[in-house]
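Got the structure open in your viewer? Let's take a walk through it, one selection at a time.

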Amino acid sequence: MNLKGVIIQGSSRSNGNTSKIVSFIQNETSFDIIDLQSKQIGGFDYNFKNRDDDFLSVMQEIVDNYDTIIFATPVYWYSMSGIMKNFFDRITDCLKIEKEIGRQLRGKAMGMVSCGSDAQLKKGFEMPFVESANYLGMSYIGNIHTWIEDEIITEALKTDIYSFIGKITMVSKQI
């Protein structure tokens, strides 16, 4: 597969369970990985005081180089991780002060990978991803919920991940 895609990993642990899933997907897709834990990205504020942190350069890299963006987050307290939420909140910067970056998100594809301790994802978890894609004019690919059992990705989960990768491939080819 030779898609121009990136996985945005938003976990408090760069080498945790979410990373295991991200690495598996990366090995199958050759997508690049951006680990938000390795970046300095402050929270959103209305005065844009954080504009000199890593956020805008990361967003510029994304819009310049990728057609497909997969957000990967652990499930923390029934929601996306705080680091991922900060990243999503900061997209506002691309709608207010760096509008050209925001405009370049239109037409790109977005998907979501969650990783939790439960095999089931609670209703509503996916909504911020779906609605953000809609608002930004992006195509929403869908999501996959994952988990690690006894430090491994089960064969059944691998089958589900391959199905998700198939969706990514199909949508990405249409972009």
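Start by selecting Asp 150, which you'll find in the loop between β5 and α7 (155–174). Keep in mind that this is a predicted model. Check the backbone here: phi of Asp 150 is near 50 degrees, a positive value in a residue other than glycine. Is Asp 150 buried or exposed? Its relative accessibility is 76%, and the cut-off for exposed is over 50%, so Asp 150 counts as exposed.

Now jump to Phe 48, in the loop that runs between β2 and α2 (55–65). Here is another non-glycine residue with a positive phi, this time near 55 degrees. The surroundings are another story: Phe 48 has 16% relative accessibility. Buried means under 20%, so Phe 48 makes the cut as buried.

Next, hide the side chains and bring up the strands. You should see an open sheet of five strands in the order β2-β1-β3-β4-β5, paired in parallel. Which strands sit at the edges? Color β2 (32–35) and β5 (139–146): each of these pairs on one side only. Looking across the sheet, neighbouring strands are turned by 20 degrees against each other on average, ignoring direction.

Zoom in on β1 (residues 5–9) and β3 (residues 68–74). These two run parallel, and five bridges join them. For a handy landmark, pick Gly 5 and look across to Thr 68 in β3, which stands opposite.

Staying with the sheet, select helix α6 (residues 127–136). This helix packs on the sheet, where it touches β3, β4 (109–115) and β5. Compare its direction with that of β4 and you get an angle of about 170 degrees.

Which residues of α6 are buried? Show side chains for Phe 129, Ala 133 and Leu 136. Then turn the view so you look straight down the axis of α6: these buried residues fall within an arc of 75 degrees, so they line one face of the helix. To see what covers them, add the neighbors: β3, β4 and β5 from the sheet are part of the cover, and α3 (82–90) and α4 (93–96) contribute too.

One last stop: step just past the end of α6 to Gly 137, where phi is positive again, at about 75 degrees.

Conventions. Residues numbered from 1 in each chain as written. Predicted model: local features only at pLDDT ≥ 70, side-chain atom pairs only at ≥ 80, totals over all residues. Heavy atoms only, no water. Pairing = 2+ DSSP bridges. Helix = DSSP H or I, 4+ residues; strand = E, 2+ residues; numbered from the N terminus. Axes fitted to C-alpha atoms, helices over the stretch in contact; angles between N-to-C directions. Contact = heavy atoms within 4.5 Å. Buried < 20%, exposed > 50% of the residue type's maximum accessible area, 1.4 Å probe, protein only. Arc of directions from axis to C-beta.
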